[in-house]
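I opened this notebook to record what I looked up in one model. The entries follow the order in which I checked things.

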Amino acid sequence: MTVHIHPTALVSKKAQILEDVTIGPYCIVEGDVVIGEGTKLEAFVHVRDCVRIGKNCRLFEHSVVGGLPQDFDFKGEKSWAVLEDGVTLRENVTVHRASGEDKKTVIREGSFLMEGVHVAHNVVVGPNCVIANKVGLAGYVTIGEGAVLGGMVGVHQFVRVGRYCMLGALSKVVKDVPPFTLVDGH
């Protein structure tokens with residue numbers, strides 16, 4: 001097994017690229033990065049510093065992982081964006097680093113984020129979640145295991161969505177959602 005890096009990709013020599021990784025055309029991989037076995041980056045993916053990506057992940061075109069948090073409290077401290085094993089990010093997904101020294105934004109194993117999802121600082125997405133197109137997760141949101149969020153859902157900062165919830169498309173969620181709940185509307 002080998003690493004496949006397209007000749008147009010810019011990959012830092014400091015990045016740790018493990019076995020059977022594919023890095024597509026015009027990708028940028030910065031220095032403080034680890035990419036796990038079997039992961040594939042399609043064209044134009046940008047992996048910023050302070051990112052850890054597990055094995056067998058797939059990042060589609062124009063995804064950006066590890067962008068600086070949009071948080072006035074962020075002062076340049078070292079923080080992380082983590083994708084655990086088997087995570088899929090479709091086109092144009094953004095996952096920002098956390099705010100706070102050594103804090104993490106985490107997408108847990110097996111989660112599937114569709115086109116245009118934004119994951120803000122200090123968010124934790126539980127394992128095996130499905131998050132549909134254009135969902136916005138504000139800072140410090142927690143999404144429980146197996147939750148399904150419909151297209152264009154907006155989740156307010158500090159909100160917790162319980163495990164195995166389903167949030168209907170276009171919902172505006174400003175309060176915590178208990179586990180096993182269906183939510184629709186505002």
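**Entry 1: Glu42 and its partners**

I began with Glu42, which forms a salt bridge with Arg58; the closest N and O atoms are 2.6 Å apart. This pair links distant parts of the chain, with Glu42 in the loop between strand E7 (40-41) and strand E8 (46-47) and Arg58 in strand E10 (residues 58-59), 16 residues apart. The model is predicted, and I read every distance here with that in mind.

I then looked for a further partner of Glu42 and found a salt bridge with Lys40, where the closest N and O atoms are 3.8 Å apart. The cut-off for a salt bridge is 4 Å, so the Lys40 contact at 3.8 Å is counted.

Is Glu42 buried or exposed? I noted a relative accessible area of 13% for Glu42, and because buried means under 20%, Glu42 is buried. Its partners fall in another class: Arg58 is partly exposed at 34%, and Lys40 is partly exposed at 32%.

**Entry 2: Lys78 and Asp32**

How many salt bridges does a search of the whole structure find? I got ten. One that I followed up joins the side chains of Lys78 and Asp32, at 2.8 Å from N to O. It links distant parts of the chain: Lys78 sits in the loop between strand E11 (64-67) and strand E12 (80-83), and Asp32 in the loop between strand E5 (28-29) and strand E6 (33-35), 46 residues apart.

I checked the accessibility of both ends. Lys78 is partly exposed, with a relative accessible area of 39%. Asp32 is also partly exposed, at 21%; buried means under 20%, so Asp32 does not count as buried. I also recorded that Asp32, Arg52 and Lys78 are linked in a network of salt bridges.

**Entry 3: Gly76**

While in the loop between E11 and E12, I looked up Gly76, which has its place there. Gly76 counts as exposed, at 53% relative accessibility. I took one C-alpha distance from Gly76: Glu101 is 25 residues apart from it along the chain, and the two C-alpha atoms are separated by 8.8 Å.

**Entry 4: a negative patch**

Which residues form a negative surface patch? I listed Glu19, Asp20, Glu37 and Asp85. Of these I looked at Glu37, which is found in the loop between E6 and E7. Glu37 is partly exposed, with a relative accessible area of 37%. Patch residues need over 30% relative accessible area, so Glu37 passes that cut-off at 37%.

**Entry 5: aromatic pairs**

I searched for aromatic pairs next, and the structure holds three. Tyr26 and Phe44 form a stacked pair, with 5.1 Å centre to centre and 15 degrees between the planes. Tyr26 lies in the loop between strand E4 (22-23) and E5, and Phe44 in the loop between E7 and E8, so the pair ties together parts that are 18 residues apart in sequence. Tyr26 counts as partly exposed at 46% relative accessibility, and Phe44 counts as partly exposed at 40%.

Tyr164 and Phe180 form another stacked pair, at 6.0 Å centre to centre and 10 degrees between the planes. This pair links distant parts of the chain: Tyr164 is in the loop between strand E24 (160-161) and strand E25 (166-167), Phe180 in the loop between strand E26 (172-173) and strand E27 (182-183), and they are 16 residues apart. Planes under 30 degrees apart count as stacked, so the 10 degrees of this pair meet that limit.

I noted that Tyr164 is partly exposed, with a relative accessible area of 41%, whereas Phe180 is exposed at 56%.

**Entry 6: backbone of Phe180 and Met152**

I stayed with Phe180 to read its backbone. Phe180 has a positive phi of about 60 degrees although it is not a glycine. I found a positive phi in Met152 too, near 60 degrees and again in a residue other than glycine. Met152 has its place in the loop between strand E22 (148-149) and strand E23 (154-155). At 51% relative accessibility, Met152 counts as exposed; the cut-off for exposed is over 50%.

**Entry 7: Val177**

My last lookup was Val177, which lies in the loop between E26 and E27. Val177 counts as buried, at 8% relative accessibility. Val177 and Met166 are eleven residues apart in sequence, and their C-alpha atoms are 9.7 Å apart in space.

Notes:
Residues numbered from 1 in each chain as written. Predicted model: local features only at pLDDT ≥ 70, side-chain atom pairs only at ≥ 80, totals over all residues. Heavy atoms only, no water. Helix = DSSP H or I, 4+ residues; strand = E, 2+ residues; numbered from the N terminus. Buried < 20%, exposed > 50% of the residue type's maximum accessible area, 1.4 Å probe, protein only. Patch = residues over 30% accessible without salt bridge, like charges linked within 9 Å, V, L, I, M, F, W, Y side chains within 5 Å. Areas by Shrake-Rupley, 256 points an atom, 1.4 Å probe, with all protein chains shown as cover. Lys, Arg positive; Asp, Glu negative; His and termini not counted. Charge placed at Lys NZ, Arg CZ, Asp CG, Glu CD. Phe/Tyr/Trp six-rings, centres within 6.5 Å; stacked < 30°, edge-to-face > 60°.
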